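Biologist: I should like to learn how the features of a protein model are read. May we go through one together, step by step?

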Amino acid sequence: MSIQERRGRERAERHQLIIRTARELAESEGWEAVTTRRLAERIEYSQPVLYSHFAGKDAIVAAVALEGFAELAAELRAVTRGAAGPAGAFRAVAGRYLAFAAANPALYDAMFVLATDLPFGRPDSPAPLKEAFAALAGPVAEVAGAEDPEPFTEAVWAALHGLATLARSGRLRPDHAEPRLALLVDRMLGDEAAAERG
């Protein structure tokens, strides 16, 4: 291996270490605790080294978010593989989305709550964003019926995001989580849910 290849590999490893450390710190102490000074201390590199990888905290948050979108896409695709039909896939995706948000609060915030310069819903959106939206949109489009699948997917996403955010902030009763999800899914499925019950 050449010196240049070794340096490239070390740089990539350091880049990943910064992202992993920021994510761990955010999950344990919140994003307010993630500062370039604390990250530099934790990874045992100087702040200038950290800045050679990222322009600042916002860029680190965006990098963490991109990892999150890739993970969410993989989880959503995995639950649809074993689902029984389009309605089952829709239910599985909705449940997995909410479980992902609950299990990864700081990561979810990086993806959907904190300000980033990630371009959503545009041709130049990074691949992980497109993949996560596609993993949600696929099962949703299957049950959209006469509705335009993209706005229908956005409405489902908005509803799931609202449930995830309100539940995490303690504004919804925990004992109503399952009935809320069932109600949302059944309303979105419309006639298909009625046919399943009937």
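Modeller: Let us begin with a definition: a residue is buried when its relative accessible area is under 20%, exposed when that area is over 50%, and partly exposed in between. Please also keep in mind that this is a predicted model.

Biologist: How does Arg6 count under that definition?

Modeller: Arg6 has a relative accessibility of 35%, so it counts as partly exposed. For the chain as a whole, buried residues make up 38% of the 198 residues.

Biologist: Thank you. How many helices and how many strands does the chain contain?

Modeller: The chain has 10 helices and 0 strands. Read from the N terminus, its elements run α-α-α-α-α-α-α-α-α-α. As for overall dimensions, the C-alpha trace spans about 65 × 40 × 30 Å along its principal axes.

Biologist: Let us turn to charged pairs. How many salt bridges does the structure hold?

Modeller: The general idea is that a side-chain nitrogen of Lys or Arg lies within 4 Å of a carboxyl oxygen of Asp or Glu. The structure holds 12 salt bridges. One of them joins Glu10 to Arg6, with the closest N and O atoms 3.4 Å apart.

Biologist: Where do Glu10 and Arg6 lie?

Modeller: Both residues belong to helix H1, which covers residues 3-29, and they are 4 residues apart, about one turn of the helix. Glu10 counts as partly exposed because its relative accessibility is 31%.

Biologist: Which side chain does Arg168 meet in a salt bridge?

Modeller: The partner of Arg168 is Asp109, at 2.7 Å from N to O. This pair links distant parts of the chain, since Arg168 is in helix H8 and Asp109 in helix H6, 59 residues apart. Arg168, at 41% relative accessibility, is partly exposed, whereas Asp109, at 16%, is buried.

Biologist: And with which residue does Arg173 form a salt bridge?

Modeller: Arg173 meets Asp175, with an N to O distance of 2.7 Å. Arg173 is partly exposed, with a relative accessible area of 49%, and Asp175 likewise counts as partly exposed at 49%. Elsewhere, salt bridges that share partners join Arg23, Glu67 and Glu71 into one network.

Biologist: Some charges may have no such partner. Which residues gather in a patch of negative charge on the surface?

Modeller: A patch is built from residues with over 30% relative accessible area and no salt bridge. Here Glu147, Asp148, Glu150 and Glu154 form a patch of negative charge on the surface. Glu154 lies in helix H8, residues 149-168. With a relative accessible area of 44%, Glu154 is partly exposed.

Biologist: I should now like to consider polar contacts. Is His53 buried or exposed?

Modeller: His53 has 12% relative accessibility and therefore counts as buried. This residue is placed in helix H3, residues 47-53. The side chain of His53 makes a polar contact of 3.4 Å with the side chain of Arg11. A further polar contact, of 3.5 Å, joins the side chains of His53 and His15.

Biologist: What can be said of Tyr51, and how far apart are the C-alpha atoms of Tyr51 and Thr36?

Modeller: Tyr51 also lies in helix H3, and at 41% relative accessibility it counts as partly exposed. Tyr51 and Thr36 are 15 residues apart along the chain, and their C-alpha atoms are separated by 8.3 Å.

Biologist: How far apart in space are Gly121 and Phe100?

Modeller: Gly121 and Phe100 are 21 residues apart in sequence and 21 Å apart in space, C-alpha to C-alpha. Gly121 is found in the loop between helix H6 (105-112) and helix H7 (127-143). At 81% relative accessibility, Gly121 counts as exposed.

Biologist: One last feature is the backbone angle phi. Which sign does phi have at Glu44?

Modeller: The general idea is that most residues other than glycine have a negative phi. Glu44 has a positive phi of about 60 degrees although it is not a glycine. The place of Glu44 is the loop between helix H2 (36-43) and H3. Glu44 counts as exposed because its relative accessibility is 70%.

Notes. Residues are numbered from 1 along each chain as its sequence is written. This is a predicted model: local features need pLDDT of at least 70, side-chain atom pairs count only at pLDDT 80 or more; totals for chains, interfaces and linings use all residues. Side-chain values use heavy atoms; hydrogens and water are left out. Patches are made of residues with over 30% relative accessible area and no salt bridge: like charges are joined within 9 Å, nonpolar side chains (Val, Leu, Ile, Met, Phe, Trp, Tyr) within 5 Å. Accessible areas come from the Shrake-Rupley method with a 1.4 Å probe; for residues, only the protein chains shown count as cover. Lys and Arg count as positive and Asp and Glu as negative; His and the chain ends are not counted. The place of a charge is taken as NZ of Lys, CZ of Arg, CG of Asp or CD of Glu. Helices (H or I, at least four residues) and strands (E, at least two) are DSSP runs, numbered from the N terminus. Buried means under 20% relative accessible area, exposed over 50%, partly exposed in between (1.4 Å probe, protein chains only). A polar contact is a pair of N or O atoms within 3.5 Å; within protein, one must be able to donate a hydrogen and the other to accept it, and residues adjacent in sequence count only if both atoms are side-chain atoms.
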